[in-house]
Amino acid sequence: MRRKSAAAAAAIISGALVLSACGQGGPSSASGPITDDKVVLAVLNDQSGVYKDLSGPNSVKAVEMAVADYQKKYGDDAVATDIEVVTADHQNEPDVANTKAQELYDREHADVILDVPTSSAALAVANQAKAKKKLFLAVGPATTELTGDQCNKYTFNWAYDTYMLANGTGTAVTENGDKDWEIVYPDYAFGQDMEKSFSSAIDEAGGSVSGSIATPFPNDNFTTFLTKAAASKPDVIGTMQAGGDLINLVKQYNEAGYADQGIDLAVGLMFITDIHSLGVEQFAGTSFTDAWYWNMDDKSRAWADRFMKETGTRPSFAHAGNYSAALQYLEAVQRAETDDADDVVDELEGYKVDDVFLRNGEIRAGDHRVIHDAYLAKVKSPDEVTEDWDYEDIVTTIPAEDAFMPEEESGCSME
Amino acid sequence: MNAVLQYTVQGLAAGSFYALAALGLAIIFGVLGVVNFAHGACYMLGAVTSAVLLDSFGLGFWAALVVVPVLLFCFGVLVERLLVQWLLALDPLYNFLLTFGLSLVLVDLVKRKYGVSGLPYERPDVLTGQLSLGDLRLPTYQLFVFVFSLAVCLVVWLLMTRTRIGMIVRAATERPDLARALGINVNRWITPVFGFGIALAGLAGVLAAPFRAITADMGSSFVIILFAVVVIGGLGSIVGAVVGGFLVGLVEAFGQAYAPAFAQILIFVLMAVVVLVRPAGLFGREEAA
């Protein structure tokens, strides 16, 4: 890493020397519609850590698929003739994300940064986007801050957020009769945010939260937390754990046999990769909100088949979200006939769209929340599974306008 | 009352993982003077190997309880022969760094091969369900983990105190020079002891497979607590490792129950107190520290 940047610094210095030695020169900046003669899409996400499987390198593949589709659709008429996809690893650290975003915008001439899971990292990138006046289409982060207090002109949130998850699962599970909740959540920004969102969604739906338990993160032993949560005999335990912690908790929930005692389990955030790694058997019957499911209809399935050929695995909603964000960005460039960030933002704002990922989608102009249909899903039981990755039943479709926080509540003001 | 009993069982079950793994760590430290930082990674390897055995070879949990420790024993022997032995003569810090590096390599290799989101594992049917005693419901698997690991610890303790091999190993631990002077070939026991310690970590991993998430990172935070266990019990002390393991499990469970926010800190508070009052740990000898 250090050697790499040292090499880069050496390259810049020697480059500068060559230029000054020549007296004048350097690449003449073309004043065409496309800055730097090419459109650069940068995927900034977790390439090696806990979010690698649910997004990671395969999101880069998804973005490349979007580029190929754009080129195929417009051929010689394409405004963006030269498109480059670059990638960087932010290791889920806000400070790394901040530096990487700077590098991508400045040195790699990125026109747009995509994905960025981990809310704190995404907020750092949003600040860079605002400062550099370049686009940031967020797919991975869950925080409503991106389209709330910390919103800005160049940042859009594409796939989901904590409000949408709580509103979907919290409301639906309560309305289905599980009125009395206990919430178990990891004690960091995402978990606290989820706990708040769920509590208010449950209250609104006529249920009540009798207790919330904060747990350390990461943690591999939830047995005592679960005993405490079950002590008040709630209808349902809502877990806001994610990734490996979620799997720990579900295994121990099953071990203790709470389902037989009539205590259901609802999951705040879950990706299909989680179901795959734990196995359908242990998750069977669990309700959760999904932003997209690869086998929900023919259109999704056809795309998932292409994705399978590229990557050897089925896509999570984050993969499809990155494809959609990249595709809609390029479409906006096409309509604007330039990659100038302000013009592209004008094209995106208020745009209504239907693609593989976004159904009844609209890119809201007021807060840059991209709204689309969301889905209440239930994990199949093992005997219902007919093929690999066939894990979900879509129970209800939550219409786009109901799925997300109303624009007037977002608290976003773009000056 | 019921709740207290429940927390106690949960604490002892959690402590079982610590006790087994810490026992391995203590034995290795005792005989080789090596602080094996790769112990968490070996625990992870135990769980991952069980999942792979089930998925690729159809070998279930019971077979894994035997096969995995054997495989990890061989792995330990390999590591000792190829790597650890060359650094034994140097400052212990070198082997600490070596095993730290080794754990990074192992974790990344597993990530490369199996991804980061973990592997599925089916529980053995016999061990599902709960034991009901009136209002009290105790998960069968937790009870099994506790009884099984207690039995293993007991066997190891008997092996160490009641057999000739055990006596040699203990002599080699406590007075290596004197043991040599009495004509005991101490070096002969170094490799198998290292392998045995690794096998115990692997065994803890097998027990964790049905109960915890099987991911490449599962050992990373585990090993930190493991060091706290060994320090509390007394570095190199076999009884100390086991008692420390169960003690830390109990502290964790009651911490989670009555002071959730402080559950993990409590373990390290306990460690700090022990170190202040008895620098060598609960069962450590002052001169060994």
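**Notes on a predicted two-chain complex**

1. A good place to start is the core of chain A: buried residues make up 53% of its 415 residues (a residue is buried if 20 or more other C-beta atoms, placed from the backbone, lie within 10 Å of its own, exposed if 12 or fewer, and partly exposed in between). Please keep in mind that this is a predicted model, in which local features need pLDDT of at least 70, side-chain atom pairs count only at pLDDT 80 or more, and totals for chains, interfaces and linings use all residues. Residues are numbered from 1 along each chain as its sequence is written, while chains are lettered from A and ligands numbered from 1 in the order in which they are written.

2. On confidence, the predictor assigns the complex an ipTM of 0.87 and a pTM of 0.85. Chain B has an average pLDDT of 90, and 98% of its residues score at least 70; pLDDT is the predictor's confidence in each residue, from 0 to 100.

3. Chain A holds 14 helices and 15 strands (DSSP runs numbered from the N terminus: helices are H or I of at least four residues, strands are E of at least two). Its radius of gyration is 22 Å, close to the 22 Å that the globule rule gives for 415 residues, so chain A is as compact as a globular protein of that length. That radius is taken over C-alpha atoms, and the globule rule is 2.2 Å times the number of residues to the power 0.38. The C-alpha trace of chain A spans about 80 × 45 × 45 Å along its principal axes.

4. Now to the contacts within chain A: of those between residues at least 6 apart in sequence, 71% join residues at least 24 apart. Two residues are in contact if their C-beta atoms, placed from the backbone, lie within 7 Å.

5. Do look at strand 6 (residues 180–186) of chain A, which pairs with strand 7 of chain A in the parallel sense over 7 bridges; strands pair if DSSP finds at least two bridges between them. Glu182(A) has Gly211(A) in strand 7 of chain A as its bridge partner. Between these two strands the chain passes through helix 6 (residues 189–204) of chain A, a right-handed β-α-β crossover. Right-handed here means that, with the strands pointing away from the viewer, the path from the first strand over the helix to the second runs clockwise.

6. Chain A also has an open, antiparallel sheet of 3 strands in the order 11-12-13. Strand 11 (352–353) and strand 13 (370–371) of chain A are at the edges with a single partner strand each, so one side of each is left without a neighbour in the sheet. Strand 12 (residues 361–363) of chain A is joined to strand 13 of chain A by 2 bridges, and Ile363(A) has Val370(A) as its bridge partner in strand 13 of chain A.

7. Where do the chains meet? At the interface, 35 residues of chain A are in contact with 33 residues of chain B. Strand 7 (208–215), helix 7 (223–231), helix 8 (243–256) and helix 9 (272–278) of chain A each supply at least two residues of the side of chain A that touches chain B. Helix 8 of chain A gives the most, with 8 residues.

8. Chain B comes to 11 helices and 2 strands. Its C-alpha trace spans about 60 × 45 × 35 Å along the principal axes, and 50% of its 289 residues count as buried.
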